[in-house]
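Here are some short exercises to work through with the model open beside you. Try each task before you read its solution.

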Amino acid sequence: MLKTDKTLDIKGLAGSKPKTITENTLKSMGPGQVLMVIATDRTTKQSIPPLCEALGCSLLEVKEDAGTLYFAIQR
């Protein structure tokens, strides 16, 4: 089990909101901290990986379970 410092539950949000909220949350975190993002918007599969790259973060894990997506991101 991956240790996370913060969990961001953005299930139900769509469009650009999940990416924007994830970006703002990551920017507020310290180096090395791990954020778990929980989302249901399918477009996050395309928007979160490039966001991580742009911010210099590491996408540690991506999982999907019953339509819910889980992203573990290290700042």
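**Exercise 1. Find the place of alanine 66 in the chain, and decide whether alanine 66 is buried or exposed.**

Step 1: Look between β3 (58-65) and β4 (68-74); alanine 66 sits in the loop there. Strands here are DSSP runs of E with at least two residues, helices are runs of H or I with at least four, and both are numbered from the N terminus.

Step 2: Check the accessibility. Alanine 66 has a relative accessible area of 80%, so alanine 66 is exposed. The cut-offs are under 20% for buried and over 50% for exposed, with partly exposed in between (1.4 Å probe, protein chains only).

Step 3: Locate threonine 40, which is 26 residues from alanine 66 in sequence, with a C-alpha to C-alpha distance of 9.6 Å.

A word on the model: it is predicted, so local features need pLDDT of at least 70 and side-chain atom pairs count only at pLDDT 80 or more, while totals for chains, interfaces and linings use all residues. Residues are numbered from 1 along each chain as its sequence is written, and side-chain values use heavy atoms, leaving out hydrogens and water.

**Exercise 2. Describe the surroundings of threonine 68.**

Step 1: Assign the element: threonine 68 belongs to strand β4.

Step 2: With a relative accessible area of 13%, threonine 68 is buried.

Step 3: List the contacts (heavy atoms within 4.5 Å). Not counting residues up to four places away in sequence, threonine 68 touches Lys11, Ile38, Ala39, Thr40 and Lys63.

**Exercise 3. Which elements give two or more residues to the largest nonpolar core?**

Step 1: Identify the core, a set of buried Ala, Val, Leu, Ile, Met, Phe, Trp, Tyr and Cys residues joined through side-chain atoms within 4.5 Å. The largest one has 15 residues, and those with the most contacts inside it include Leu26, Cys57 and Phe71.

Step 2: Sort by element: β2 (34-39), α2 (44-55) and β4 each give two or more residues. The most come from α2, with four residues.

Step 3: Zoom in on leucine 26. Leaving aside neighbours within four places in sequence, leucine 26 is in contact with Leu35, Leu55, Cys57, Ile73 and Arg75.

**Exercise 4. Why is cysteine 57 not bonded to cysteine 52?**

Step 1: Recall the criterion, a pair of cysteine sulfur atoms within 2.5 Å.

Step 2: Compare the distance. The closest cysteine sulfur to that of cysteine 57 is in cysteine 52, 5.8 Å away, so it is too far for a bond.

Step 3: Add the accessibilities: cysteine 52 is buried at 1%, and cysteine 57 is buried at 10%.

Step 4: Confirm globally: a search of the whole structure gives zero disulfides.
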